[in-house]
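The following paragraphs walk through one protein model, element by element. Please keep the sequence and the coordinates open while reading.

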Amino acid sequence: MPTGATSKKKYTYVWVSAVVLVFGIFAIHEISKKLKEGSMVETDRMSVANIQKKLGFVVSNGKKRRVPSFSFLNQDSILVSEKDYLGKVYLVEFFFTTCPTICPIMTKNLVELQNTFEEYPDFGVASFTINPRYDTPSILKKYAEGYGVNDKDWNFLTGDRDAIYKLAQEGFYIVANEVEDAPGGFEHSGMFALVDKEGYIRSRDDENGNPLIYYRGTITEKQGVNKEGEPQQITMLKEDIKKLLLEE
């Protein structure tokens, strides 16, 4: 190789290294500044702590927890099972279309995530209704269209009520019950489960090193925190979805 080419390569390497060094110093300065000012919020802390950390597996009885087998009709009356999601990173929620409280917020957050990852063909969502007697495929289709759902891998699923409740309670340990005096007649969790391409439930750790297990879906990024002072987790969910999409 000519001496000039070698010299040019070395100068390029030095220049790139300098840029990386300056960027790193700036990033550390900004983090230190936030810490000193007390302006670093929980999502900042979580992002810094987890920026290079691989997501952990959710473990039950010493085994990595994976999505159990299921088979339900979607909004197009097509039978969908957990096998249809293999090779995809996806979110799981339990909701119902007539929910007067948290479901509209959850759906808007999922639409936000759908739009964020619209260029990724291996991203999807599975929304299981806990009111299948009312939420027929046609009702679910109308609901999806009303919220601007356009991801072909976002399925709104309905079927046998007991099978759905069993999936929620025993498969995901997520609350799903018909309760007469609950808002809308049903009690359910506002959490999202994150599933990797092999069907395992994944999660980042909290600031104490314990797995989050689920992500809060009832607070928007714009809202920031709810009345109880709980922070939104959509920002960190975006980070963690991206990690799984890029994971090999």
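Helix α6, residues 234-246, has 13 residues, and its first and last C-alpha atoms lie 18 Å apart, close to the 18 Å expected at 1.5 Å a residue. The buried residues of this helix are Ile234, Met236, Leu237, Lys238, Asp240, Ile241, Leu244 and Leu245. The list thus includes Lys238 and Asp240 alongside residues such as Leu237 and Ile241. The model that contains this helix is predicted.

Some totals give the setting. The protein has six helices and 13 strands. Of its 248 residues, 43% count as buried. The accessible surface comes to about 13,900 Å², and carbon and sulfur atoms account for 56% of that area. Among contacts with a separation of 6 or more, 70% are between residues 24 or more positions apart.

Leu244 of α6 leads to another part of the chain, since it is one of the residues touched by Asp196. Asp196 sits in the loop between β11 and β12. Not counting residues up to four places away in sequence, Asp196 also touches Phe57, Lys88 and Arg202. Is Asp196 buried or exposed? Its relative accessible area is 5%, and because the cut-off for buried is under 20%, Asp196 counts as buried. The C-alpha atoms of Asp196 and Arg66 are separated by 9.1 Å, although the two residues are 130 residues apart along the chain.

Strand β11, residues 191-195, is joined to strand β6 by three bridges, and the two run antiparallel. Within this pairing, Tyr90 stands opposite Val195 of β11. Strand β6 covers residues 89-95, and seven of its seven residues are buried, so the strand is largely enclosed by the rest of the structure. In a regular strand the side chains alternate between the two faces of the sheet. In β6, Val89, Leu91, Glu93 and Phe95 point one way, while Tyr90, Val92 and Phe94 point the other way, and all are buried.

β6 also pairs with β7: seven bridges join them, and they run parallel. Leu91 stands opposite Val125 in β7. Together β6, α3 and β7 form a β-α-β unit that is right-handed.

The helix of that unit, α3, spans residues 103-116 and contains Thr107. Thr107 has a relative accessible area of 0% and is therefore buried. Leaving out residues up to four places away in sequence, Thr107 touches Tyr143, Tyr147 and Trp154.

Trp154 belongs to strand β8, residues 154-157. Here Trp154 and Phe156 point one way and Asn155 and Leu157 the other, and all are buried. Four bridges join β8 to strand β7, residues 123-129, and these two strands run parallel. Ser127 stands opposite Phe156 in β8. From β7 the chain passes through helix α4, residues 137-146, to β8, and this β-α-β crossover is right-handed.

Cysteines are the next topic. A disulfide is a covalent bond between the sulfur atoms of two cysteines. How many disulfides does the count come to? With sulfur atoms within 2.5 Å as the rule, the count comes to zero disulfides. As for exposure, Cys99 counts as buried at 7% relative accessibility. Cys103 is buried too, with a relative accessible area of 1%.

Two backbone positions remain. Most residues other than glycine have a negative phi, and most peptide bonds are trans. Tyr173 is not a glycine, yet has a positive phi of about 55°. Tyr173 is found in the loop between α5 (161-171) and β9 (176-178). Apart from its neighbours within four places in sequence, Tyr173 is in contact with Ser60, Arg65, Ala168 and Tyr214. The C-alpha atoms of Tyr173 and Ser189 are separated by 9.8 Å, and the two are 16 residues apart along the chain.

The other position is Ile213, a residue other than glycine whose phi is near 70°, a positive value. Ile213 is placed in the loop between β12 (201-203) and β13 (215-216). At 27% relative accessibility, Ile213 counts as partly exposed, because that class lies between buried, under 20%, and exposed, over 50%.

Notes
Residues numbered from 1 in each chain as written. Predicted model: local features only at pLDDT ≥ 70, side-chain atom pairs only at ≥ 80, totals over all residues. Heavy atoms only, no water. Buried < 20%, exposed > 50% of the residue type's maximum accessible area, 1.4 Å probe, protein only. Contact = heavy atoms within 4.5 Å. Areas by Shrake-Rupley, 256 points an atom, 1.4 Å probe, with all protein chains shown as cover. Pairing = 2+ DSSP bridges. Right-handed = clockwise from strand over helix to strand, strands pointing away. Expected span 1.5 Å × (residues − 1).
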